[in-house]
Amino acid sequence: MREIRFDRFGGPEVLTLHSDAPSPQPAPDEVLVRVAYVGLNPLDYKVRDGSSGMSKDLQLPAGTGREMAGTVISAGSGLDDAELGSRGLNPGTRVFGMRAPGDVRGMAAEVIAIGADELAPIPDEIQDEDLPRWAGLALVGLTAIATIEDTARIEPGQTVLVHGGSGGVGQLLIPMALEAGAAQVWATGRAANAERIRDLGAIPIAYDAEDWQAEIHRQTDGRGVDVVLDTHYHSTFLPSLDHVTEGGLLVTLPTLADLTPAHERGVDAKVPRIKPGRDRLDRLVQGIRAGRYPLEVSQVLPLAEIAQAHRLLEDGHTRGKLVLDARA
Ligand SMILES: NC(=O)c1ccc[n+]([C@@H]2O[C@H](COP(=O)([O-])OP(=O)(O)OC[C@H]3O[C@@H](n4cnc5c(N)ncnc54)[C@H](OP(=O)(O)O)[C@@H]3O)[C@@H](O)[C@H]2O)c1
């Protein structure tokens, strides 16, 4: 089968498409899945270049990719027909999911083995043309739930500023913050993404066309916001400290973010941690079905164009999700 692997840490060019990879064997609690599409995330290039905390547990050569949508082929010895049926994971079922946080195996392959707990069925009414969105849903969806509910604990009436409102995580943070009762959500992004941000329910602030700090200061009458959800971090984290209300919170997404400057100034700052699990995947299904989470896929590339896909990811301006077609 075809699979993307890399045998050393480095730039996108280390990613190689192999056409003779052996099919994996599912462990007793795992399911074998024929992959249709693979969702890509900034974490993928951080693991590939060795800068992610996850890279240190990685044995090379390694695979890449953390999430996908595909079809169940078979199951490991610990999952009989009754067990598979009760989970809705019978062979032939279309599923989506992401690797458990401690599982460093890749997803960019024609066939993968994955824990049954990490998967949820895709509703029958979903057309195959919509599968790319499901491939890109699990990681950003579980991240957004963890951010809004576990870390920020958004309460009704709070004001929120999202940095990177049209990115993969941002496109779910905006509707989920509003769902949690946020009174007002602002979101930064380039002017080209302002309309998208508005459609998601936030007030756009175009950081490439105006001074976002002056704008949030003006629009909050100098009070700042109760919660900043910062998916960008690099140039936004430090200035955001000036725009959080007394007793407010700054949640920054990149796992290796240095929170010291916030704590030194007495501002509460945290990094969210994904909580995997079927119940949250099922909630994402309900949200997509009801049209509450209109996550967008901006580009689908063939498996062989993995290096180009990583270059786009590293640019840092992905709109919604970037997805690989594992069958092309
Ligand atoms: N803690 C966790 O468990 C966890 C989980 C998932 C992701 N993450 C991390 O969260 C970050 C975001 O992930 P993602 O998937 O949403 O990335 P993404 O899809 O690449 O989106 C990045 C966004 O950042 C925006 N952006 C770029 N420069 C900006 C700036 N100067 N000011 C404001 N926005 C800017 C881009 O919008 P424009 O094009 O409009 O600039 C884009 O929307 C990554 O670092 C990722 O590794 C952490």
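**Spaces, Contacts and Buried Faces**

Mentor: Strand 4 (62-63) and strand 7 (111-115) each provide at least two residues to the lining of the second largest pocket. The model is predicted: local features need pLDDT of at least 70, side-chain atom pairs count only at pLDDT 80 or more, and totals for chains, interfaces and linings use all residues. Residues are numbered from 1 along each chain as its sequence is written, and side-chain values use heavy atoms, with hydrogens and water left out.

Trainee: What makes a stretch of residues a strand or a helix?

Mentor: Both are DSSP runs, numbered from the N terminus: a helix is a run of H or I with at least four residues, and a strand is a run of E with at least two.

Trainee: What makes a space a pocket, and what makes it a cavity?

Mentor: Rolling a probe the size of a water molecule over the atoms shows where empty space is left. On a 1 Å grid over the protein atoms alone, a cavity is a set of points where a 1.4 Å probe fits but cannot get out. A pocket is an open set with protein on both sides within 12 Å along at least five of seven lines, and a lining residue has an atom within 4 Å of a point. Grid points are joined across faces, edges and corners, and the volume is the space filled by probe spheres set on the points.

Trainee: How much space does the second largest pocket hold, and which residues are closest to its centre?

Mentor: Its volume is about 280 Å³. Among its 19 lining residues, Glu-3, Pro-24, Arg-99, Arg-105 and Gly-106 are the closest to the centre. Strand 7 gives the most to this lining, with three residues.

Trainee: How is the lining of the second largest pocket divided by class?

Mentor: Ala, Val, Leu, Ile, Met, Phe, Trp, Tyr, Cys and Pro count as nonpolar, Asp, Glu, Lys and Arg as charged, and the others, Gly among them, as polar. By that rule the lining has twelve nonpolar, four polar and three charged residues.

Trainee: Why is Arg-99 called buried?

Mentor: Buried means under 20% relative accessible area, exposed means over 50%, and partly exposed lies in between (1.4 Å probe, protein chains only). Arg-99 has a relative accessible area of 2%, and is therefore buried. Arg-99 belongs to the loop between strand 6 and strand 7.

Trainee: What makes the pairing of Arg-99 with Ala-113 a polar contact?

Mentor: A polar contact is a pair of N or O atoms within 3.5 Å; within protein, one must be able to donate a hydrogen and the other to accept it, and residues adjacent in sequence count only if both atoms are side-chain atoms. A polar side-chain atom of Arg-99 lies 2.7 Å from the backbone oxygen of Ala-113, and one lies 3.0 Å from the backbone oxygen of Arg-105. Both distances are therefore within the limit.

Trainee: How do you know that Asn-90 is partly exposed?

Mentor: The relative accessible area of Asn-90 is 35%, which lies between the two limits, so the residue is partly exposed. Asn-90 sits in the loop between helix 2 (81-87) and strand 6 (94-98).

Trainee: Which residues does Asn-90 contact beyond its neighbours within four places in sequence?

Mentor: They are Val-72, Asp-81, Leu-84 and Gly-85, where contact means heavy atoms within 4.5 Å. In addition, a polar side-chain atom of Asn-90 lies 3.5 Å from the backbone nitrogen of Gly-85.

Trainee: How many cavities are found, and what is the volume of the largest?

Mentor: There are two cavities of 30 Å³ or more in the whole structure, and the largest has about 80 Å³. Of its 13 lining residues, Val-47, Gly-63, Thr-64, Gly-65 and Arg-66 are the closest to the centre. Helix 1 (residues 42-48) supplies the largest share of that lining, three residues.

Trainee: How do you know that the buried residues of helix 7 line one face?

Mentor: In helix 7 (residues 212-219), the buried residues are Trp-212, Glu-215 and Ile-216. Seen down the axis, they fall within an arc of 95°, so they line one face of the helix. The arc is that of the directions from the helix axis to the C-beta atoms. At the N-terminal end, Asp-211 caps helix 7, with a side-chain oxygen 3.0 Å from the backbone nitrogen of Gln-213.

Trainee: On which side of helix 11 do its buried residues lie, the same or opposite?

Mentor: The buried residues of helix 11 (residues 306-315) are Ile-306, Ala-307, Ala-309, His-310 and Leu-313. They cover an arc of only 155° around the axis, and therefore lie on the same side of helix 11. Their cover includes strand 1 (3-6), helix 1, strand 15 (297-302) and strand 16 (321-325).
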